[in-house]
Amino acid sequence: MENNYDVIIVGGGAAGLYGAINMPADCRVLLICKQELMLCNSALAQGGIAGVYDSPEDSVELHEHDTMIAGGFKNNPESLHILTTHAAHEIETLLSYGVDFDRTPDGGFHRTLEGGHSRHRIFHHKDTTGAEIVEKLIQKVQTLSNVTVLEYAMMTGMQKTNTGFSVQVMQKQGFMVCNCHFMLLATGGIGRVYGFTTNSKIATGDGIAFAYENGAEIRNLHLVQFHPTAFNNNQARECLLISEAVRGEGAYLLNCRKERFMQRYDDRLELAPRDVVSRSIILESRATGSDQFYLDIFHKDPEFVKNRFPMIYEKVLEQGYDITKEPIPIFPCQHYLMGGIQVNLHSETTVPRLYAAGECAHTGVHGNNRLASNSLLEALVFARQAALDIAEKMPSVQSGYDEAVFPAAADAKPLPVGLRTEIRQIMQSSFFVIPDQEKLLAGFERIQEIRSQLVSQNYQLDANYVEAKSLATIAYIILKEVI
Ligand SMILES: Cc1cc2nc3c(=O)[nH]c(=O)nc-3n(C[C@H](O)[C@H](O)[C@H](O)COP(=O)(O)OP(=O)(O)OC[C@H]3O[C@@H](n4cnc5c(N)ncnc54)[C@H](O)[C@@H]3O)c2cc1C
């Protein structure tokens, strides 16, 4: 297999795939992902993708304003403007790839509403928008002769060289080193640093950790979003998300007495932004002394609910609840990361020629809290920004590829069991919706110990070790920012 490429993209979710699609046709691209392509957060997205496209009653200014309100006006206005003004282009492109957004009976788009949006502007494919988009992006990538895709290929090492970067890639058959002039990190979120998350198992923050080790600036990693309505099945570490769109279609939040309570916390009731709703649930749980909360949409027409949310209906039914007949148990859990690898408006990090896009990047569009359905859009818009910038810089890059050495240590031992669990427990107990000040310092000290143990000891280089080191690094940066 060829080892040298113009660009290596690490990650095959919305950002990685769309980045590959938008690279120039003469740019040789290697795209790697550590599991199969469909196993990523992008494919889990339910609610949809926000954007102003062909909508006379909406405007880019309103989309920006809603995003600013949700973000506490801490958003970067320049990157936000790029996000909202490019939305129409990306939605049109998705349509051209055959993405099947739901339609109204008269043939128009069925745009749904989610918390914090002042207009119906969420394009969706039933409640499985992410899977629909990823499938169509994969089909498009498969038509591109300049893009090589490797599934089950994990980045286990990354080093800057004089000519770009060397990436150590672990596959079933062993390790290899690939070199490139440009790199795009599109490795997604960090959900697995928490005990309970909606994120898929790939979300261990690897790209952020490698960028940090290579000297890239990481910003606002403590801006973690907790989704208010994850299905509350106490055993599952990966929680089923009950999309915000369910509240958008009229669902109520109920406390342990099965009473609505949001009127005590925010005028926008169930459709307040996520951070507000999550905090309200935690405060209400303190007031009532109970962690039992419910989402109730059974006052709506059962046929409408089944057709609008077929996946949620089926999955919840498998767990013994019928959403058309009864309220279902919910509770907040980790969902999204607003912070990440700091990038400029072209998605370049503070390390020249190292780019980042999607959930691992910090573009600043979300401010303190992401507005629902803005992240698929961000992944597409800023992956394309990276591709456009790389296309511009490619001709001026000197030819040739240096290759870094990734030393293999002899007599390495397996990773001790329990370190990953301990990291998750520390994060869940000290830095959940309302941080526990008393636990933060002790948690940080223990995370520091775990991290230096992982770095200094001679452990076998495998997925378990790389992910544990990433989780420790992510927890370390988050807690360091807040203590
Ligand atoms: C349940 C759920 C529902 C959501 N709903 C919505 C929604 O309705 N609308 C919306 O806008 N957003 C939604 N989001 C958020 C959104 O889906 C994500 O933020 C976005 O899709 C992230 O895309 P990404 O390409 O950055 O990462 P991902 O799609 O997660 O892709 C990450 C890729 O990186 C690869 N990778 C990671 N580490 C390595 C490594 N070391 N080596 C090789 N490959 C690696 C993975 O294999 C994967 O291919 C939702 C998220 C979840 C979890």
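**Close-up 1. Lys-258, a partly exposed loop residue.** In this predicted model, Lys-258 has a relative accessibility of 46%, so it counts as partly exposed, a class that lies between the 20% and 50% cut-offs. To find Lys-258, look in the loop that runs between strand S11 (252-254) and helix H8 (274-288). Its backbone is worth a look too: Lys-258 is not a glycine, and yet its phi is positive, at about 60°.

**Close-up 2. Ser-373, a buried loop residue.** Here the view moves to the loop between strand S16 (361-362) and helix H11 (375-393), where Ser-373 is found. Ser-373 has a relative accessibility of 6%, and because buried means under 20%, Ser-373 counts as buried. Ser-373 also has a positive phi, about 70°, although it is not a glycine.

**Close-up 3. Polar atoms facing the ligand at Gln-46, Ser-375 and Leu-376.** Start with Ser-375, where a polar side-chain atom lies 2.7 Å from a nitrogen atom of the ligand. At Leu-376 the backbone takes part: one of its N or O atoms is 2.8 Å from a ligand oxygen atom. Gln-46 also brings in a backbone N or O atom, which sits 3.3 Å from a nitrogen atom of the ligand. On its own the ligand has 1,000 Å² of accessible area, and the protein covers 99% of that area.

**Close-up 4. The shell of residues around the ligand.** There are 38 residues around the ligand, and those that come nearest are Ser-42, Gly-48, Asp-206, Glu-359 and Ser-375. Sorted by class, the shell holds 16 nonpolar, 18 polar and four charged residues. Which element gives the largest share of the shell? That is helix H2 (41-44), with three residues. The elements that give two or more residues are H2 together with helix H1 (14-22), strand S6 (154-161), strand S13 (328-337) and helix H11 (375-393).

**Close-up 5. Domain 2 and domain 3 in contact.** Stepping back, you can trace how the protein is divided: domain 1 covers 4-223 and 338-396, domain 2 covers 230-332, and domain 3 covers 419-482. Taken over C-alpha atoms, the centres of domain 2 and domain 3 are 30 Å apart. How many residues does each of these two domains give to the contact? Domain 2 gives eight residues, and domain 3 gives four.

How values were computed: Residues numbered from 1 in each chain as written. Predicted model: local features only at pLDDT ≥ 70, side-chain atom pairs only at ≥ 80, totals over all residues. Heavy atoms only, no water. Near = heavy atom within 4 Å. Polar contact = N/O pair within 3.5 Å; in protein donor to acceptor, adjacent residues only side chain to side chain. Areas by Shrake-Rupley, 256 points an atom, 1.4 Å probe, with all protein chains shown as cover. Helix = DSSP H or I, 4+ residues; strand = E, 2+ residues; numbered from the N terminus. Nonpolar A, V, L, I, M, F, W, Y, C, P; charged D, E, K, R; others polar. Buried < 20%, exposed > 50% of the residue type's maximum accessible area, 1.4 Å probe, protein only. Domains from an automatic or database assignment. Contact = heavy atoms within 4.5 Å.
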